[in-house]
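Here's a quick tour for anyone meeting this structure for the first time. Have a look at the sequence and the model, then read on.

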Amino acid sequence: MALHREAIVDAAFELLADGGLDAITARALAARLGVRAGALYYHLPDMAALRDEMATRVVRRVLQRVGEAAGSDWATLLRTAAAGTRDTLLGYRDGAMLVAGTRLLDDEALRSLEVPLAALVAAGFAPLDAQRALATVNAYVVGFVIEEQERRDPVRGAAYTAEHRRARLDPDAQPLSHALSDEVVALPEGAFTWGVEAIVAGIGARRGG
């Protein structure tokens, strides 16, 4: 089978599932595809370009979910964007790290960003505030999921437990930090929702301002 860009991206996702983001190297990709490493660069100029391609696939799924909520009220739209982004990123090993700082390459997906922006402007937000609202929600979710996935990692997460944290704290000198160790380490569902609601409330205060 002839080597092509989609096959390279497919193989990269297989490596991601097997070993995380650090497992995606030119050598590992070439071995997975049965080609020389140099052959990859006829289709992708560097590993950053590959990461952009991978992230674009993930973000397409996020934008589809956000677009489906565009007919809702503005707060529901932002909550749906947050939940949809998180669910999608959690569907990939190191999903949040994968998309952080990447470029969206799909023109159709890029144009689809107009839908939630227009919905927020129609709800009374200034265009710049609408853009910043979506960017703020996205930044919060990506950061939160990075922390979640680090804690869930079978190797990295095993070294960071509430018991280890409490053992490093004096319950008399640092009673609050000691008592909240489970919350800090576990990042429970309620913590994510609390953050989303705090952001939505703050954004709402700027509506029409």
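A word on burial to begin with: buried means under 20% relative accessible area, exposed means over 50%, and partly exposed is in between (1.4 Å probe, protein chains only). By that yardstick, Phe192 is buried, with a relative accessible area of 5%.

This is a predicted model, where local features need pLDDT of at least 70, side-chain atom pairs count only at pLDDT 80 or more, and totals for chains, interfaces and linings use all residues. Residues are numbered from 1 along each chain as its sequence is written, and side-chain values use heavy atoms, with hydrogens and water left out.

**Rings around Phe192**

- The whole structure holds 5 aromatic pairs (rings of Phe, Tyr and Trp, the last by its six-membered ring, with centres within 6.5 Å; planes under 30 degrees apart are stacked, over 60 edge-to-face, the rest tilted).
- One of them is the stacked pair of Tyr140 and Phe192, at 5.7 Å centre to centre with 20° between the planes.
- Tyr140 sits in helix H9 and Phe192 in helix H13 (residues 189-205), so this pair ties together parts 52 residues apart in sequence; helices are DSSP runs of H or I, at least four residues, numbered from the N terminus.
- Phe144 and Phe192 make an edge-to-face pair, 5.2 Å centre to centre and 65° between the planes.
- Phe144 is in helix H9 too, so its pair with Phe192 in H13 bridges parts that are 48 residues apart in sequence.
- Phe144 is buried as well, with a relative accessible area of 9%.
- Put together, ring pairs link Tyr140, Phe144 and Phe192 into a cluster.
- Arg86 lies over the face of Phe192, 4.4 Å from the ring centre (a charge counts as over a ring if NZ of Lys or CZ of Arg is within 6 Å of the ring centre and within 35 degrees of the ring normal).

**After H13**

- Arg206 is found in the segment after H13, and it is exposed, with a relative accessible area of 53%.
- The C-alpha atoms of Arg206 and Ala126 are separated by 9.2 Å, though the two residues are 80 apart along the chain.

Notes
Helix = DSSP H or I, 4+ residues; strand = E, 2+ residues; numbered from the N terminus.
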